[in-house]
Amino acid sequence: MECPKCKHPNLEGGTLAGSMSVQWCPNCYGIWIPGREYEAWQKEYNQWYKKSQKPAEATGTLGIEFTPSPYDSKAALCPEDGHYLSRAKVPFSRVPFYIERCMLCGGIWCDNGEWDILESLGFHTEIDKMFSPNWQAKARVQELASRERQVLTEKLGPDIAGYVLELAEVLADHPHADCAATYILRRAELKRREI
């Protein structure tokens, strides 16, 4: 089986996450996860966690340091059936990256280090969902919120940004939240005029 990214002629067998049989590239260290293997592992994982109470869902942040593989932007063909691999953006590290999936056989390609990031974010069990428009839309909303928090912290400093974010949460469902926002803007404008 040829590597879909660097074209190394032979992927080697291995295991991932304890029991999942995968193929990995000894040249670029990408991982091919056959669809049937991922599906079987996913069922086993979900059954085990249902018995021992599944942990809370991860809320990805833009603070994760990760340098995507140089092959991340390269289009690829499925090593099993030759169809183009679809791409899903994972925007929860400082530099977003893409994972690929064959929509025919369900196989998944992770470039070097991507599985580890998915696992740390808690998304490794729902890779199939990541290719849906709904998941991608939620990811974009979360990415925007994370970027806004980052900009607030850079502009105001962590202490004041913390107050603003806390106030925003308190006012989120208040029917007169716009009154508070108007007051804060008017006070800031009056201070600027005094200077």
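Q: Where does Thr125 lie with respect to α2 and α3?
A: Thr125 lies in the loop between α2 (114-121) and α3 (133-156), where helices are DSSP runs of H or I with at least four residues, strands are runs of E with at least two, and both are numbered from the N terminus. This is a predicted model, in which local features need a pLDDT of at least 70 and side-chain atom pairs count only at pLDDT 80 or more, while totals for chains, interfaces and linings use all residues. Residues are numbered from 1 along each chain as its sequence is written, and side-chain values use heavy atoms, with hydrogens and water left out.

Q: Why is Thr125 called buried?
A: Its relative accessible area is 12%, and buried means under 20%, with exposed set at over 50% and partly exposed in between (1.4 Å probe, protein chains only), so Thr125 is buried. Leaving aside residues up to four places away in sequence, Thr125 touches Tyr38, Trp41, Gln42 and Tyr45, a contact being heavy atoms within 4.5 Å.

Q: What makes Tyr38 and Trp41 an aromatic pair, and which kind of pair are they?
A: Rings of Phe, Tyr and Trp (its six-membered ring) pair if their centres lie within 6.5 Å, and planes under 30 degrees apart count as stacked, over 60 as edge-to-face and the rest as tilted. By this rule the count comes to 6 aromatic pairs. For Tyr38 and Trp41 the centres are 5.8 Å apart and the planes 35° apart, which makes the pair tilted. The two residues are 3 apart in helix α1 (residues 35-51), so about one helical turn separates them.

Q: How do you know which kind of pair Trp41 and Trp115 form?
A: Their centres are 5.7 Å apart with 65° between the planes, and the pair is therefore edge-to-face. Trp41 belongs to helix α1 and Trp115 to helix α2, so this pair ties together parts that are 74 residues apart in sequence. Both residues are buried, Trp41 with a relative accessible area of 6% and Trp115 with 3%. Tyr38, Trp41, Tyr45 and Trp115 form one aromatic cluster.

Q: How many disulfides does the structure hold, and why do Cys6 and Cys25 not form a bond?
A: The structure holds 0 disulfides, the criterion being a pair of cysteine sulfur atoms within 2.5 Å. For Cys3, the nearest cysteine sulfur is that of Cys28, 3.6 Å away, and Cys3 is in no disulfide. The sulfur of Cys6 has its closest cysteine sulfur in Cys25 at 3.5 Å, which is too far for a bond. Cys3 is buried, with a relative accessible area of 0%, and Cys6 also counts as buried, at 16%.

Q: What is notable about the phi of Lys7 and of Tyr29?
A: Most residues other than glycine have a negative phi. Lys7, which is not a glycine, has a positive phi of about 65°, and Tyr29 has a positive value near 65°. Lys7 is found in the segment before β1 (12-16), whereas Tyr29 is in the loop between β2 (20-24) and β3 (31-33). Lys7 is partly exposed at 38% relative accessibility, and Tyr29 is partly exposed at 46%.

Q: What makes β1 and β2 paired strands, and which way do they run?
A: Two strands pair if DSSP finds at least two bridges between them; 5 bridges join β1 to β2, which run antiparallel. Leu16 has Met20 in β2 as its bridge partner. The two strands form a hairpin with 3 residues between them, and Ala17 in the turn has a positive phi of about 55°.

Q: Why does Pro96 count as partly exposed?
A: Its relative accessibility is 23%, which falls in the range between buried and exposed, so Pro96 counts as partly exposed. Pro96 is found in the loop between β4 (86-90) and β5 (97-101). Its C-alpha is 9.8 Å from that of Glu143, although the two are 47 residues apart in sequence. Glu143 is also one of the residues that Pro96 touches, among them Pro68, Asp72 and Arg147.

Q: What is the average pLDDT of the protein, and where is the pLDDT below 50?
A: The average is 86, and 90% of the residues score at least 70, pLDDT being the predictor's confidence in each residue, from 0 to 100. Over residues 51-61 the pLDDT is below 50, and this stretch has 16 contacts in the model beyond near neighbours in sequence. Where pLDDT is low, the predicted coordinates should not be read in detail.
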